[in-house]
Amino acid sequence: MTQVLGIDVGGTKMAVGIVDDSGEVTHSSIVPTPAQGTADDMWQALTSACDQTLDKAGHPELAGVGIGSAGPMVWPAGEVSPVNIPAWRGFPLRTQVQEKFPDLDVRIHNDAIAMTAAEHWVGAGRGYANVLGMVVSTGVGGGLVADNHLINGGLGNAGHIGHIVVDPNGPECRCGGRGCLEAIARGPGTVQWAVNQGWLPGDRPADGRSLAEDANAGDEVAIAAFTRAGEAVGIALASCAALLDLDIAIIGGGMVQSGDLLMVPMQEAFDRHAGLGFARRMKIVTVGLEQEAGIVGAASLVLQGENYWSPPGEQGDRIIA
Ligand SMILES: [Zn+2]
């Protein structure tokens, strides 16, 4: 049995696990991200989670290490600058992990891309050749599998569905553009829109959970906020389905926990905007894997390397071969 260490680095938690070649996580550790700490605090927390996991598992022989990290990053070198981890700016994460595991192959990709790989391999996308994975949360991220191969793009950024323009007159986006899906549908953007329309959270935090509570209780502004976000996602998905002839779109992230509030207007917008038969056939589902998707996806960069790992150099070699 082949085993790989999977590492998932996010703004709120870091998860490490041993993943076998069937996609099972056999041992894992999850630690909160010391996101306001120093770069070294972050690194110490991550390495102790790695050590804990390896201790629990009895230090098995590993075939490699896979990392999924919040971006942006320089890829495949793996210098990361996660938006929600201010202490890491150009942090050489892949190199540091390589120094900790000098004899192992260490591979890294964007966390939404890793999640897409996991869902394609052993999650809701199993058996489908053309998959869009997306995360609708604080930001909106995504990844692509086409013809059963993970797509990198020129600099490793293919699948950035969050920055597809869905409303040319929409709000400014954190990326510098305007009217991006992320600017409209991300959780904080949805809450802010509701506040601007007069929604009051009372003594609860002004967050997606409070907004969903009120929407479920019939608050019209709260319902409209989720409808607006869902419609924006559905419009973006219609464009993606037409561009890529996708079989399935798999959606995760905090906003999806609002259930039908988001998913129904999303599907309705998709049905309105996707006209071509091949595009309309795309299924839209929620994620099949829970918290472990990040670890499994990271490990799959090694375990499913022939499908998921083709950095620029090797891609060139493969074309020549
Ligand atoms: Zn943008």
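In this predicted model, D111, A114, M115, A117, A118, E119, W121 and V122 of helix α3 meet A293, G294, V296, G297, A298, S300 and L301 of helix α10. Sorted by class, the contact of α3 with α10 comprises 10 nonpolar, three polar and two charged residues. Two packed helices are described by the angle between their axes and by the distance between those axes. For α3, which spans residues 111-122, and α10, which spans residues 293-303, the angle is about 85° and the axes are 7 Å apart. Because angles of 65 to 115 degrees count as roughly perpendicular, α3 is described as roughly perpendicular to α10.

A second helix to consider is α6, formed by residues 208-216, in which G208, L211, A212, D214 and A215 are buried. Viewed down the axis of α6, these buried residues fall within an arc of 165°, and they therefore line one face of the helix. The buried residues of α6 pack against three helices: α5 (187-196), α7 and α8 (260-273). After α6 comes G218, which has a positive phi near 100°.

Attention may now turn to the backbone. Most residues other than glycine have a negative phi, and most peptide bonds are trans. Two residues other than glycine with positive phi values can be examined here, H59 and D245. H59 has a phi near 50° and is placed in the loop between α1 (39-57) and β4. H59 counts as exposed because it has 9 C-beta neighbours inside 10 Å, and the limit for that class is 12 or fewer. D245, with a phi near 55°, lies in the loop that runs between α7 (220-244) and β12 (248-252). Helix α7, which precedes this loop, is also one of the helices against which the buried residues of α6 pack. Around D245 there are 15 other C-beta atoms within 10 Å, so this residue is classed as partly exposed.

Cis peptide bonds are the remaining backbone feature. One joins G71 and P72, with omega about 0°; P72 sits in the loop between β4 (65-69) and β5 (73-74). Strand β4 thus has a loop on either side: the one from α1 holds H59, and the one leading to β5 holds P72. Another cis bond joins W75 and P76, where omega is about 5°. P76 is located in the loop between β5 and β6 (79-80).

How values were computed:
Residues numbered from 1 in each chain as written. Predicted model: local features only at pLDDT ≥ 70, side-chain atom pairs only at ≥ 80, totals over all residues. Helix = DSSP H or I, 4+ residues; strand = E, 2+ residues; numbered from the N terminus. Buried ≥ 20, exposed ≤ 12 C-beta atoms within 10 Å, placed from the backbone. Arc of directions from axis to C-beta. Contact = placed C-beta atoms within 7 Å. Axes fitted to C-alpha atoms, helices over the stretch in contact; angles between N-to-C directions. Parallel < 35°, antiparallel > 145°, perpendicular 65-115°, else oblique. Nonpolar A, V, L, I, M, F, W, Y, C, P; charged D, E, K, R; others polar.
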